[in-house]
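Work through the exercises below with the sequence and the structure side by side, and try each task before reading its solution.

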Amino acid sequence: ESVMDGDQFHEQDIANSLVEKYKAKCNLEALQEERKKLPIYNYRDELLKAIHDHQVLVIVGETGSGKTTQIPQYLHEAGYTKRGKIACTQPRRVAALSIAARVSREMGVKLGHEVGYSIRFEDCTSERTLLKYMTDGMLLRELLSEPDLSSYSVVMVDEAHERTLSTDILFGLVKDIARFRPNFKLLISSATLDAEKFSDYFDSAPIFKIPGRRYPVEIHHTKAPEADYLDAAVVTALQIHVTQPPGNILVFLTGQEEIETVEEMLKHRISGLGTKIAELIICPIYANLPTELQAKIFVPTPKGARKVVVATNIAETSLTIDGIKYVIDTGFCKMKSYNPRTGTESLLITPISKASAKQRAGRSGRTGPGKCFRLYTADSYHRELDNNTVPEIQRTNLANVVLSLKCLGINDLLHFDFMDPPPVGALLKAVELLYALGALNKLGQLTKVGRSMAELPLDPMSSKAIVASDKYKCSDDMISIAAMLFVGNSIFHRPKEKKVHADNARSNFHAGNVGDHIALLKVYNSWKETDYSSQWCYENYVQVRSMKRARDIRDQLAGRLERIEIELTSNANDLDAIKKSIISGYFPHSAQLRINGSYRTVKNRLTVHIHPSSGMAQLLPRWIIYHELVLTTKEYMRQVTELKPEWLVEIAPHYYQLKDVEDSVCKRCLKDMHRSLRPRLILVSTVSKFSFVCTQ
Ligand code: ADP
Ligand code: MG
């Protein structure tokens, strides 16, 4: 019985055929004409002169004026590529990919040839690549092997206003490169007007403004706060569709899940409106959306129909979607926050800033007067929204960045030239973790282990687990696990109507209570044994696309291992060895069961719970290691594996002492208690009101 997701494939076909038709129409000539219509075109020569005259230039222009697609082409036409490649950095992978595709079409070359892109685990460039669109994080990685970026003649740090962690770090590094490479050109481009701040930071670099077309935007706020902004967004979109003149709609939501919900709701409700209603084409856009479907948002809307683009923040400035006349702004986005005390990071739905709200509204006034419907009150806007978004560097875990900087020989982190410095506590926490992982020595200097870790494009804990797997002779297994963990929560497919089947299929991989990490390894290996069969995936409720991604990532990790001279060895029969290897990287993430069925992290004493999706959720082992914490209604641990507490002391003696892993109550008693508790706890987890009182 095939359980292929029919809907998904059907949609993909439609998108593909639309894209094909669109491509055929957009011949090179037409594209060249389109280029000339962009606001930036009138400033081409002036801009090139400014770039010629100044080493560092800040460029500001409305979204859609043509900065990202045109400036690298202008530079190429002006001969800059004779001296080296041109890099254009993007905060988001989707943007890098989609813009490179667009530019390659404009230049009439194959993507990956003269124009390419490079994002983590996906390098679509070649020897002949001249214009390289890449995530800011990738350029940061390239700096590790080419600290002066000598193969580049120009670096354009695009979407600078986004202030991602990587962009902020790049600022400090490229600023330095500009000082000792007189031939090197640095462009900082931004959609918003805090250009003065960039100019100040880059030693008073001149600001080049591209005046954009801008039409008035009528802003509407709700009269009362909306309890359910998803429902409100759907209702508003349908109202616009039914009552307002032609023009596309752009809805801002916080993430994939919400987008899928709204897509469903829209489809459902539009079908209830009868056949007299004009066609409404729903286009979702978020980071993980498959490339074929992304292209759908750029296909012109057929006459008589209306398009509704349901997007995350990505549509704020990174991607320009033409013909938007109505914007629906829920007022929220997903934002990372970091607690340096506990070292935990969480992705929370947070109110946006006023600057974001203005950007969002502006999306509707690009091709004519627009309307923006804010699903929050005018009072909330004024009182509750911050003026600007806090830069990521001030609300994130810095371990990876510190490791990269150390690799670049930058030891004095406190005096690094940050545009906005991170909290000192967060810096110290990062150094502490890297020391615990053995990446830094007592003097804070990079070790050999640290250097190997930095070669791997993963977070430090994952990298350490892989580096340590050499010792446990299970590097082959460990990179499969790391790749599967990286792909994350999209591996198992759990359709609504087939939950029981899906859960059954999944439980096979958990046989023997091996833990979530090993279960992921089993999934990967079973798939591999079927010669990477898609049919196998359908039968086992595993997402083919995620598995293919895992395979790609695995292949790349294998390639990296060669560079750091770790031999590929599999030790699949010795599960303890694999677990120990995981613990070598993740030992700070250990937790101990408490009497009430919750857990307490060993080091920070946080109260946490096993995520219901874990294969360990019903078992409640006494000691566990987890991959990550996610905060929803509670702090949940995702991907959990049981461990023996003495392993912690064996593997990380500098981090754990015997007293950390000894129980305060005598071990024997606790063991008995645990045994008698188990069956009852399984019951308890279904009766939420009831909980145990801790009698310890
Ligand atoms: P900016 O960087 O100033 O915001 P861009 O260079 O990204 O502007 O976009 C300029 C124009 O190019 C947009 O208005 C849009 O029409 C077009 N464009 C950009 N990316 C794509 C794409 N992937 N597919 C089709 N058109 C695109
Ligand atoms: Mg742009």
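**Exercise 1.** Find which residue of strand 20 stands opposite Q592, and work out which strands pair with strand 17.

*Solution.* In this predicted model, begin at Q592, which stands opposite W623 in strand 20. Widening the view to the whole strands, strand 17 (residues 590-593) and strand 20 (residues 623-631) run antiparallel and are joined by three bridges. Strand 17 is also joined by three bridges to strand 18 (residues 599-601), again in the antiparallel sense, and here A591 has T601 as its bridge partner. Finally, look at the connection between strand 17 and strand 18, a hairpin with five residues between the strands, in which G597 takes a positive phi near 90 degrees.

**Exercise 2.** Describe the hairpin of strand 14 and strand 15, and say which residue in its turn has a positive phi.

*Solution.* Start with the pairing: strand 14 (residues 332-339) and strand 15 (residues 344-351) are antiparallel and share eight bridges. One position to check is K336, whose bridge partner in strand 15 is L347. Then follow the chain through the turn, where four residues lie between the two strands and G343 has a positive phi of about 75 degrees.

**Exercise 3.** Determine the strand order of the six-stranded sheet, and explain why one side of each edge strand has no neighbour.

*Solution.* Reading across the open sheet, the six strands come in the order 9-16-13-10-12-11, and their pairing is parallel. The edges are held by strand 9 (217-221) and strand 11 (280-285); each has a single partner strand, so one of its sides is left without a neighbour in the sheet. Direction ignored, neighbouring strands are turned by 15 degrees against each other on average. At one of these edges, strand 11 pairs with strand 12 (residues 306-311) in the parallel sense over six bridges, and I281 stands opposite K307 of strand 12. The last step is to add helix 12 (residues 354-362), which packs on this sheet and touches strand 9, strand 10 (248-252), strand 13 (324-329) and strand 16 (370-374), its direction making about 150 degrees with that of strand 13.

**Exercise 4.** Do the same for the sheet of eight strands: give its order and kind of pairing, and find which strands helix 5 and helix 7 touch.

*Solution.* This sheet is open as well, with the order 4-3-5-2-6-7-1-8 and mixed pairing. Strand 4 (122-124) and strand 8 (207-210) stand at its edges with a single partner strand each, so each has one side without a neighbour in the sheet. From one strand to the next, the twist averages 20 degrees. At the edge formed by strand 4, strand 3 (residues 115-119) is its antiparallel partner over three bridges, with I119 opposite E122. Helix 5 (residues 93-107) packs on the sheet against strand 2 (85-90), strand 3 and strand 5 (131-135), and its direction makes about 170 degrees with that of strand 3. Helix 7 (residues 165-180) packs on the sheet too, touching strand 1 (56-61), strand 2, strand 6 (152-157) and strand 7 (185-190), with an angle of about 145 degrees to the direction of strand 6.

**Exercise 5.** Decide whether helix 9 and helix 10 are oblique or roughly parallel to each other, and then whether helix 16 is oblique or roughly perpendicular to helix 17.

*Solution.* The axes of helix 9 (residues 229-243) and helix 10 (residues 256-271) come within 10 Å and cross at roughly 45 degrees. The two helices are therefore oblique to each other, and the crossing is right-handed. Helix 9 contributes L230, A233, V234, A237 and L238 to the contact, while helix 10 contributes E258, T261, V262, M265, L266, R269 and I270; by class, these are nine nonpolar, one polar and two charged residues.

For the second pair, the axes of helix 16 (residues 448-455) and helix 17 (residues 460-469) come within 9 Å and cross at roughly 110 degrees, which makes helix 16 roughly perpendicular to helix 17. Helix 16 likewise passes helix 17 in a right-handed crossing. The contact is made by V449, S452 and M453 of helix 16 with P460, S463, K464 and V467 of helix 17, a set that divides into four nonpolar, two polar and one charged.

Terms used: Residues numbered from 1 in each chain as written. Chains lettered and ligands numbered in written order. Predicted model: local features only at pLDDT ≥ 70, side-chain atom pairs only at ≥ 80, totals over all residues. Axes fitted to C-alpha atoms, helices over the stretch in contact; angles between N-to-C directions. Parallel < 35°, antiparallel > 145°, perpendicular 65-115°, else oblique. Left-handed = near helix turned anticlockwise from the far one by under 90°. Contact = placed C-beta atoms within 7 Å. Nonpolar A, V, L, I, M, F, W, Y, C, P; charged D, E, K, R; others polar. Pairing = 2+ DSSP bridges.
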